[in-house]
Structure formats: C-alpha cells, structure tokens
Amino acid sequence: MRKFAVFSGFLGAGKTSAMMALTAYHSTHHGKAAMISNDLGEGVTLADHRFAQLSGCRSSEITDECICFCHDVLTARLNACFDEGCELVVSDIPGFGVGALEHVYHGLKAEYPDAFTLAPFTVLVEPRTVALLRAGQADDLAYIWDAQLREADQIVLSKCDLLDSSGLADAVAWLSARYSGVPVIPFSALRGDGLEELSRSLAEKSASLRHPDIDYDGDGLQDVLGSLSEYYLQYHAAVCCDDFDGTAYLRDIARQVQAEIRAAGREIPHLKLLAWTEEGDFGKVDLLGTERPIEVSHAFERPCTELAVVLNGSAVCPAAQLEQILREALERVSRTYRLELLIFKKDCFGMGD
C-alpha cells in the first residue's frame with residue numbers, strides 16, 4: 001500500500017498534533033507511516049517539523065513553496081518515504097489550504113496517475129471555529145472556513161477533549177447537516193479519541209476527487225490572502241546564568257506579541273515558538289489568537305544554558321507591521337532575560353504579495 005493524504009484546515013486547527021499522533025499510532029497498529037510539514041518560508045527550519053522530530057516522529061519538511069505547486073518535489077519526497085517502507089504519508093499545507101484539493105490531489109492524479117493512491121482529503125476544524133460559524137461570528141474568515149470544509153472527503157473535529165458529551169454531539173450534528181454526506185470524526189490528539197477510525201479510514205478508503213463549487217480565484221479568497229502575512233525566524237540564544245527557564249522565555253515572548261498585536265487592532269491566528277538544546281531537551285509554546293490562552297505544548301525538563309529557537313507565525317496584519325511587532329517583542333523579552341542573540345534567518349512577507 002502506498003497512500004498519501006493531505007491534512008487541510010485553518011491555522012491552529014491542530015494539524016501537526018493530529019499528524020504526529022496519527023503517524024505514531026498507525027506505525028504501531030497498521031503499518032509504517034510518516035509525516036511532511038510544508039510551509040512557505042525561504043530556507044527556514046519549520047517549527048512543526050523540528051517539534052515532530054524532537055518528539056520522536058518520522059518527519060520531513062518541504063519549505064520555500066507550497067506542495068500545491070511543486071508536485072515533482074512532493075512526489076520525490078513521497079517515493080523516498082515509500083521506498084523506506086512507509087505505507088501511509090500525510091502532509092499539511094501552508095496557511096489555510098483552500099485549493100489544495102484542486103491543486104494537490106487533482107494535480108497529482110493528472111501528472112502521476114499510478115504513483116500512489118490518494119487517501120481521503122481530510123479537513124480539520126476545531127470546536128471554536130465550529131462555534132463561530134454556527135453563531136455567524138466568523139467575519140472575513142467565514143469564507144475560508146466554509147470553503148475548506150466543502151473540500152473535505154472527511155472532516156476531523158479536532159480537540160474534541162475541549163467539549164462535553166452534549167457539546168460534542170451538537171457540533172458533530174451541525175457539521176453533518178451542513179456538509180451532508182461527509183463523515184465527521186471526533187478526534188483528540190491528547191486523549192487518542194478517533195485515532196483508530198482516522199487511521200483505518202486513511203488506509204482503507206480513497207479520495208473522491210470531487211470538484212466542489214468553490215471560486216478559488218474569486219474576491220473572497222483573494223481578500224483574505226491580501227490581509228495575511230507570514231513570519232519566520234531562526235536564532236541562537238546564549239544564556240547568562242545556570243537557572244534559565246526556556247519555557248518561561250518562550251511564553252513571555254508569546255505574551256508580549258499577543259499584547260502588542262491586540263493593541264494594534266490586529267489578529268494572529270497562530271504563532272509557533274520552539275526552542276531546543278544540544279542535549280535534546282526542548283520546549284514549544286503556541287499563541288492561537290489575541291483572546292485565547294497561550295498554550296505550552298511541551299515544557300523544558302531542565303534549565304538551559306543556550307538555545308536554538310524557531311518562530312513561525314501567520315497574522316492578519318501587514319508584513320512590515322508584523323515584523324516590527326515581533327522584532328520589538330523579541331528584543332524586549334530577550335533583554336529582560338539578559339540573552340545574547342545571533343539571528344541566522346528571517347523572512348516576513350504578505351501572502352498576497
């Protein structure tokens with residue numbers, strides 16, 4: 001079996017956590033699996049890929065371009081995974097992913113019809129997004145969220161551990177009614193809910209290769225694209241003392257960015273902050289919006305003396321303003337911790353540029 005699946009979904013929907021949990025589970029119970037992290041930063045290390053590797057997952061990355069438009073690179077990477085014995089490979093896509101069904105699945109089917117089997121096109125959505133859609137409070141992002149879900153062969157309701165049984169049933173019922181005929185899988189990477197169902201679905205079913213009625217080139221998508229910016233940063237931090245708390249440092253950067261983005265009247269759907277030591281200890285913090293609690297995905301186990309740090313983020317904010325906010329937040333927090341920084345790579349651009 002040589003199966004490939006795309007995991008689509010909006011920023012912060014839980015794609016990386018789902019891919020990590022799925023590939024580990026599938027490898028243990030059904031056959032060797034691997035994941036690919038994909039993003040647009042030029043020559044950067046992706047926080048998601050590095051986090052997966054540090055967590056023991058079989059992971060690789062494709063940077064500089066979206067897999068929508070580099071089928072030769074993607075196919076070569078997939079074939080390498082299959083040649084290593086993988087039976088299932090899953091990949092995310094940059095940003096919010098509308099159009100991946102058309103550009104990735106239909107593109108691969110046309111160019112490489114017999115290379116591998118396309119598993120169901122899988123779209124993740126978190127409970128908060130469902131609640132906003134149901135309440136009609138999605139504003140400009142409503143088009144994106146709805147378009148993603150209309151592309152799905154199957155919908156994964158991620159982070160279902162945040163819902164009680166009644167809330168979960170209501171969310172599943174609403175999704176099933178609005179996107180009729182599309183299976184909904186309640187899923188929790190934290191608790192393991194839905195892992196067996198998702199694993200079997202990807203292994204046993206194939207993509208429908210539908211053509212949903214979505215205006216990929218229309219004003220709705222282009223307007224949202226024009227409002228989003230991407231930010232990538234890699235640097236080394238030298239620590240002045242022996243009791244440095246790397247997790248607190250990442251959390252304080254996230255708090256400072258959150259406060260400054262909020263004060264600017266902007267929004268930041270996802271900022272990933274990952275740091276690690278030469279010894280393999282690591283910490284990861286996620287900022288998922290100006291009004292949401294900062295999440296510690298993984299905490300350092302020991303004090304650090306030096307760190308490699310990666311920041312990847314997407315914001316509803318002009319690129320120049322986003323870069324200034326992140327630079328000032330990083331400098332302010334690093335001064336507080338008396339850190340010496342050596343920046344290796346920085347990239348910031350508007351998605352519509």
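What span should the 18 residues of helix 10 (residues 246-263) have at 1.5 Å a residue? The expected value is 26 Å, and the end C-alpha atoms are 26 Å apart, which agrees; the expected span is 1.5 Å times one less than the number of residues. The model is predicted, so local features need pLDDT of at least 70 and side-chain atom pairs count only at pLDDT 80 or more, while totals for chains, interfaces and linings use all residues. Residues are numbered from 1 along each chain as its sequence is written, and side-chain values use heavy atoms, with hydrogens and water left out.

Helices (H or I, at least four residues) and strands (E, at least two) are DSSP runs, numbered from the N terminus. At the N-terminal end of helix 10, Asp-245 acts as a cap, with a side-chain oxygen 3.1 Å from the backbone nitrogen of Thr-247. After helix 10 comes Gly-265, with a positive phi near 75 degrees. Buried residues (under 20% relative accessible area, 1.4 Å probe, protein chains only) of helix 10 include Leu-250, Ile-253 and Val-257.

His-71 belongs to helix 3 (residues 71-83) and is buried, with a relative accessible area of 8%. Its side chain reaches the backbone oxygen of Cys-68 at 3.0 Å.

Six strands form an open, antiparallel sheet in the order 12-11-10-13-9-14, where pairing requires at least two DSSP bridges between two strands. Strand 12 (295-298) and strand 14 (340-350) are at the edges with a single partner strand each, so one side of each has no neighbour in the sheet. Eleven bridges join strand 9 (residues 228-238) to strand 13 (residues 306-316), and Gln-234 has Val-310 in strand 13 as its bridge partner.

Technical notes
Buried < 20%, exposed > 50% of the residue type's maximum accessible area, 1.4 Å probe, protein only. Polar contact = N/O pair within 3.5 Å; in protein donor to acceptor, adjacent residues only side chain to side chain.
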